[in-house]
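Q: I should like to learn how to read a structure of this kind, one feature at a time. Could we work through the example shown here?

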Amino acid sequence: MENPATSPKKSSKGGWISFLKGLLPTENGSAFVPPFSLIGWIFLLAGFFGAFTFGWVVYPVALYSRQPQPISFNHALHLDPDVGGIEGDTETEKCLYCHEFRDDGTFSGIPKLAKCTECHDDPESPLGETQQEKEFMEKYVAGQKEIPWLIYYRQPDCVYFSHIAHVKMGKIECQTCHGDHSKTEKLPIYRANLLTGYSINIWGKNIAGYKTNTWDRMKMDDCAECHTKKGHEENNACFVCHK
Amino acid sequence: MEKGHGHGNSYGMVIDLDKCTGCGTCMVACAAENNLAVRPDESDKQRSITWMRLYKVTNGKEFPHTEVCYFPRPCMQCDHHTPCVSVCPATATKMDYHTGIVSQIYTRCIGCRYCIAACPYHARTFNWWDAYFPKGKGLERYLSPEVSPRMRGVVEKCTFCHHRLMRAKNNAYAEERRELEEGEYITACTEACPAQAITFGDLKNPEHKVSELVKSRYAFRLLEKLGTEPKVYYLSTKDWVRRMADNYLPGEFKPIAKVKLG
């Protein structure tokens with residue numbers, strides 16, 4: 001018996017091209033009746049573009065929540081030397097003033113209220129003249145209530161990340177991964193995936209998977225890409241980033 | 001040696017069976033440290049999950065000559081042809097050549113349990129149910145954020161408290177060091193053992209106590225003949241205990257000549 005795998009292929013004439021030709025409406029009375037009329041084509045294309053728009057435009061927007069942060073924090077104002085903002089020799093040192101490392105090397109992340117009240121200690125006398133600060137004083141400092149920040153880069157439970165290994169030992173600037181926040185005046189809207197609960201900053205802002213900045217997406221492949229680029233393949237071992 | 005990451009470590013454990021009293025503190029410490037879930041009915045030991053299991057063996061003799069020994073058994077972190085790693089179809093478990101620790105990634109595990117079948121030491125357990133922590137008993141307050149919880153349908157095993165290694169590394173980085181001192185990274189069972197029967201350290205580092213202990217004539221490993229090169233060593237001066245650790249043909253086992261103790 002002939003092996004179908006090794007037998008010569010059929011002429012392509014009977015294949016895709018003639019099939020697609022058959023889909024087009026023909027006027028000369030050929031024996032083949034096309035399955036679509038012109039109306040059918042309109043419906044097909046309308047359906048296709050409708051589904052395409054829904055999948056690529058509507059769904060990515062509808063998938064994520066839109067939550068503003070509890071208070072409007074201005075990074076640029078806090079780092080402005082003209083109003084007595086935070087000073088430091090390097091950019092990283094300025095960041096570390098609030099986003100500090102604890103003595104045991106763990107990273108504090110978004111600071112607690114205690115860090116704010118190191119300067120904003122008296123609820124009666126605000127340091128600036130902004131309305132946001134007054135609100136912050138009344139709502140949180142006066143009542144000693146922690147600010148319920150929404151955390152953009154909270155990784156899933158199974159992920160371990162050491163900031164100190166990257167910043168202190170790897171000598172990477174904060175802004176390399178997070179962008180330059182010394183000039184941002186507003187906090188971005190927090191957007192969580194309504195199905196998984198993870199932030200859009202983790203999954204990636206672009207549904208097609210393209211990223212232009214490091215801070216657009218922080219997934220496993222992004223970690224591995226940088227480790228490999230910097231010649232630290234040994235840090236791609238599973239337990240370096242998993243726990 | 002200055003490179004730090006390059007040369008690699010090989011973390012291992014030496015358990016002195018002559019010191020072990022079989023109290024089970026290592027099991028408890030391990031369960032508390034690694035967020036081990038409890039079953040609604042913990043009396044069913046075939047289904048309960050432990051990373052560190054205590055085996056009791058006896059020499060099988062009549063009363064006046066009866067002797068008992070306990071084998072605490074963590075994951076052996078096999079160095080050579082690691083059986084679980086070689087069978088895993090999902091690459092959910094790997095041996096890291098820079099620490100010598102066999103990882104287990106729960107989010108990657110597909111729950112086929114091939115590794116359980118492959119492991120000669122029964123060091124792996126399967127989650128038949130989602131983790132259960134009785135409400136209102138305060139158990140949830142003991143959960144460690146450093147160890148991720150397991151979900152139903154995945155395999156778990158001892159990780160040599162890998163999160164403690166990461167913690168120790170973070171601490172060292174804060175002091176601008178890359179090398180860890182001996183004792184900076186030890187497992188929870190090592191720390192908890194009241195008899196101090198467990199010694200933990202880097203087998204490749206000649207300054208660590210473990211690398212000295214494994215050279216002892218009383219040192220042996222479980223099922224050594226399989227050639228999996230476990231990184232958990234045992235010490236026992238008793239011939240019958242050492243004989244228990246493997247299967248020997250008649251006349252194959254070589255007892256160590258009696259030496260004067262003390």
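The dialogue below takes up overall form, sheet, core, helix, interface and backbone angles in turn.

Q: What kind of model is this, and how many helices and strands does chain B have?
A: The model is predicted. Chain B has seven helices and ten strands.

Q: What radius of gyration does chain B have, and what would be expected of a compact globule?
A: For 262 residues, a compact globule would have a radius of gyration near 18 Å, and the 19 Å of chain B agrees with this. Along the principal axes, the C-alpha atoms of chain B fill a box of roughly 50 × 50 × 35 Å. Of its 262 residues, 37% count as buried. Among contacts in chain B between residues at least 6 apart in sequence, 62% join residues at least 24 apart.

Q: How should a sheet be read, and what is the strand order of the open sheet of four strands in chain B?
A: Strands of a sheet pair through backbone hydrogen bonds, and the sense may be parallel or antiparallel. In chain B the order of the open four-stranded sheet is E8-E1-E10-E9, with mixed pairing. E8 and E9 (219-220) of chain B stand at the edges with a single partner strand each, so one side of each lacks a neighbour in the sheet.

Q: Which strands pair with E1(B), and in which sense?
A: With E8 (residues 198-202) of chain B, E1(B) pairs in the antiparallel sense over five bridges; here B:Gly12 stands opposite B:Gly201. With E10 (residues 232-235) of chain B, E1(B) runs parallel, joined by four bridges, and B:Asp16 has B:Leu235 as its bridge partner in E10(B).

Q: Are the faces of E1(B) covered or open?
A: Both faces are covered: B:Tyr11, B:Met13 and B:Ile15 are buried on one side, and B:Gly12, B:Val14 and B:Asp16 on the other. Six of the six residues of this strand, which spans 11-16, are thus buried.

Q: Which residues have the most contacts inside the largest nonpolar core?
A: That core has 56 residues, and those with the most contacts inside it are B:Val14, B:Ile15, B:Cys26, B:Cys30, B:Met52, B:Cys189 and B:Ile198. Leaving aside residues up to four places away in sequence, B:Ile198 touches B:Met13, B:Ile15, B:Cys26, B:Cys189, B:Thr190 and B:Cys193. Another core, of six residues, lies apart from the largest one and includes A:Cys95, A:Ile164, A:Cys174 and B:Ala172.

Q: How is a helix examined, and which residues of H4(B) are buried?
A: An α-helix has 3.6 residues a turn, so residues three or four places apart point the same way. Helix H4 of chain B (residues 162-174) has 13 residues and reaches 19 Å from its first C-alpha to its last, close to the expected 18 Å. Its buried residues are B:His162, B:His163, B:Arg164, B:Leu165, B:Met166, B:Lys169, B:Asn170, B:Ala172 and B:Tyr173. H7 and H11 of chain A are among the elements that cover them.

Q: How many residues meet between chain A and chain B?
A: The size of an interface is often given as the accessible area lost when the parts come together. Counted here by contacts, 19 residues of chain A meet 20 residues of chain B. On the chain A side, the elements giving two or more residues are H7 (163-169) and H11 (238-241). The largest share, four residues, comes from H7(A). By class, this side has nine nonpolar, four polar and six charged residues.

Q: Where do A:Lys171 and B:Thr91 lie, and are they buried or exposed?
A: Most residues other than glycine have a negative phi. A:Lys171 has a positive phi near 55° and lies in the loop between H7 and H8 (174-178) of chain A. With 9 other C-beta atoms within 10 Å, A:Lys171 is exposed. B:Thr91 has a positive phi near 50° and lies in the loop between H2 (83-87) and E4 (93-95) of chain B. B:Thr91 is also exposed, with 11 other C-beta atoms within 10 Å.

Q: What phi does B:Glu176 take, just after H4(B)?
A: B:Glu176 takes a positive phi of about 60°.

Terms used: Residues numbered from 1 in each chain as written. Chains lettered and ligands numbered in written order. Predicted model: local features only at pLDDT ≥ 70, side-chain atom pairs only at ≥ 80, totals over all residues. Core = buried A, V, L, I, M, F, W, Y, C linked by C-beta atoms within 7 Å. Buried ≥ 20, exposed ≤ 12 C-beta atoms within 10 Å, placed from the backbone. Contact = placed C-beta atoms within 7 Å. Pairing = 2+ DSSP bridges. Nonpolar A, V, L, I, M, F, W, Y, C, P; charged D, E, K, R; others polar. Expected span 1.5 Å × (residues − 1). Rg over C-alpha atoms; globule rule 2.2 N^0.38 Å.
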